[in-house]
Protein chains: 2
Amino acid sequence: MITVATFADVRAASAGRVGLAPTMGYLHDGHLALFRAARAGSDTVVASVFVNPLQFGPNEDLSRYPRDLERDQRLAEQAGVDVLFVPPAEEMYPVLPKISVIIGDLTDHFEGARRPGHFAGVAVVVAKLFAGIQPAGAFFGRKDAQQLAVVRRMTVDLSFPIEIVPVSTVREADGLALSSRNRFLTADDRRSALALSQGLFAAAAAVEAGERAGSALEAMVVDAVGAAAGIELEYAALADAETVQPLSELTRDAFLAVAARVGETRLIDNVAFSVGADSVTVDRGDILTGPSVLEDV
Amino acid sequence: MITVATFADVRAASAGRVGLAPTMGYLHDGHLALFRAARAGSDTVVASVFVNPLQFGPNEDLSRYPRDLERDQRLAEQAGVDVLFVPPAEEMYPVLPKISVIIGDLTDHFEGARRPGHFAGVAVVVAKLFAGIQPAGAFFGRKDAQQLAVVRRMTVDLSFPIEIVPVSTVREADGLALSSRNRFLTADDRRSALALSQGLFAAAAAVEAGERAGSALEAMVVDAVGAAAGIELEYAALADAETVQPLSELTRDAFLAVAARVGETRLIDNVAFSVGADSVTVDRGDILTGPSVLEDV
């Protein structure tokens, strides 16, 4: 694996079918799952590590976002990455961008409503990675379900010839979805945070038992979070996977999303539903059997 | 030359260094100059013909915009085009785009102020052509000076590895800048329309004689247009070539632009100034010695 700092070096180091996994670094097993998925179908696997200031709001945690490049290099290499792209800010933003890229009403709700400007920042940086690296495939985690929808739509709307590949959420053995932000959780927070996945899993089981009403599914998440100490629920909602509009009935591909503040840390999670002719398939994510790589930082 | 309808076919037909010249068809010598410039430095020359509905306002001339594909094919082939990309609307917009791409204050003035949404439509379609064709170079006429600035900035802001090559305006022997819309001019309009280039040329001569004040240069255009019958001036302005902000003094690369309604037809024109350490170079455009190809439609 080589580490490079410019788009030109990424292109020079790439051959054949290029698979790209964009990250903000501080890698966890969720990122490693992206890299392994990319490895399986690509000649060159490119991973990027860039903490994108444009997607953080003024009151968000840009300055405390965790960073550890040496650790990221080691983990990326082990997971099969060929080219680690770690651009300095001057490469990504040689001038402050004047462009704004807005994906219509896909960002009206949920994370888009609570993090003004967040998805515009995501859209610009992902468009830059796509334009500058020209991958054939790009790998995004399902945990950021609204981001996945935004990236999919941007790809279609800008005619990028790129296959967007969603990768299942990776969870600790107890169900907690992996996130770089988990490292900010205290031991008490960590216990309380399990209410998110527990609520989602209860709703997933209800779907498998035939429940289709958004309100019923949402109530299960609300109840689970309400029963835990020290969590402030922001939303629990069933949403159309493509349009990211609230969905009252599970009649099309969707995700059930939750966002909550656990202690000082804001967490999101979801389960995804794929609606077939006679049945609904649930993607709860993949549960790690051993300790996650976040444990040995 | 082959004519293709899909991005995938353009990519399949392209090899080596690809040069792209986007057009709305109804080709004139200005377009042919783009194709010849592309031919000189490219292995594969791709020209697109697409009348982009997104860049026309509700009161603009989308429905009467002239079209003649057979003629375009003949002229493009003669000028060295290898691949003519003529996408149907379903290829360019398989779904109505939700994306909006705005290039900040570059579109606050001039054409941007008078044609709301125009440059957002241009930015989306050019971004699609760049993303879907992945050219190494792209060729744009200087006549659309604000469009050139918008495309340049979009290219930087989205990290497209594409060289944007400006090509001088092509003019009829009497100075009229070529435009597909010239075909709507009556004989009287045609005579009146010469006031635009005459005003710009007078200002260009003044710059060569040492004039640097924007107001003085603008006044020469205003006077020339004011002396002609049947023209309604919209603006005459000196603008920064990069930021497209009004410029009071010719101290950096700039263009002097004019827009006017001549009879029923809206025309724009400009001359470009390149400011060096001790002198200013003027690009008035290239004057045709014979009749333009628009004459033999």
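## How chains A and B meet

The contact draws 27 residues from chain B and 27 residues from chain A, where two residues are in contact if their C-beta atoms, placed from the backbone, lie within 7 Å. On the side of chain B that touches chain A, α1 (7-12), β5 (99-103), α6 (118-133) and α7 (145-157) of chain B each give at least two residues. β5(B) makes the largest share of that side, five residues. Helices (H or I, at least four residues) and strands (E, at least two) are DSSP runs, numbered from the N terminus. By type, the side of chain B that touches chain A splits into 16 nonpolar, five polar and six charged residues. Here Ala, Val, Leu, Ile, Met, Phe, Trp, Tyr, Cys and Pro count as nonpolar, Asp, Glu, Lys and Arg as charged, and the others, Gly among them, as polar.

A word on the ground rules. This is a predicted model, in which local features need pLDDT of at least 70, side-chain atom pairs count only at pLDDT 80 or more, and totals for chains, interfaces and linings use all residues. Residues are numbered from 1 along each chain as its sequence is written, while chains are lettered from A and ligands numbered from 1 in the order in which they are written.

Now for the symmetry. A turn of 180° with a shift of 0.0 Å along the axis lays chain B on chain A with an RMSD of 0.0 Å, superposing by least squares on the C-alpha atoms of residues with pLDDT of at least 70 in both. That is what a two-fold axis does. Val101(B) has the C-alpha nearest the axis in chain B, 2.4 Å from it. Both copies use the same surface, and 100% of the contact residues of chain B recur in chain A.

Strand pairing comes next; two strands pair if DSSP finds at least two bridges between them.

| Strands | Sense | Bridges | A facing pair |
|---|---|---|---|
| β5 (99-103) of chain A and β5(B) | antiparallel | five | Ile99(A) and Ile103(B) |
| β10 (254-262) and β11 (265-275) of chain B | antiparallel | nine | Ala254(B) and Phe273(B) |
| β11(B) and β12 (280-283) of chain B | antiparallel | four | Ser274(B) and Thr281(B) |

β10(B) and β11(B) make a hairpin with two residues between them, and Gly263(B) in the turn has a positive phi of about 60°. β11(B) and β12(B) also form a hairpin, with four residues between them.

Back at the contact, Lys98(B) sits in the loop between α4 (89-92) and β5 of chain B. Lys98(B) touches Ile103(A), Gly104(A), Asp105(A), Leu106(A), Arg153(A) and Asp157(A), leaving out residues up to four places away in sequence. Lys98(B) has 17 C-beta neighbours inside 10 Å, so it counts as partly exposed; buried takes 20 or more other C-beta atoms within 10 Å, exposed 12 or fewer, and partly exposed lies in between, with C-beta atoms placed from the backbone.

As for the interior, the largest nonpolar core has 187 residues, and Ala123(A) and Ala123(B) have the most contacts inside it. Such a core is a set of buried Ala, Val, Leu, Ile, Met, Phe, Trp, Tyr and Cys residues joined through C-beta atoms within 7 Å. Ala123(B) touches Val101(B), Ile103(B), Val150(B) and Met154(B), not counting residues up to four places away in sequence.

Finally, helix α3 (residues 69-78) of chain B has Asp72(B), Leu75(B) and Ala76(B) buried. Those residues fall within an arc of 100° seen down the axis of α3(B), so they line one face of the helix; the arc is that of the directions from the helix axis to the C-beta atoms. Exposed Glu70(B) and Gln78(B) are on the face turned away from the buried side.
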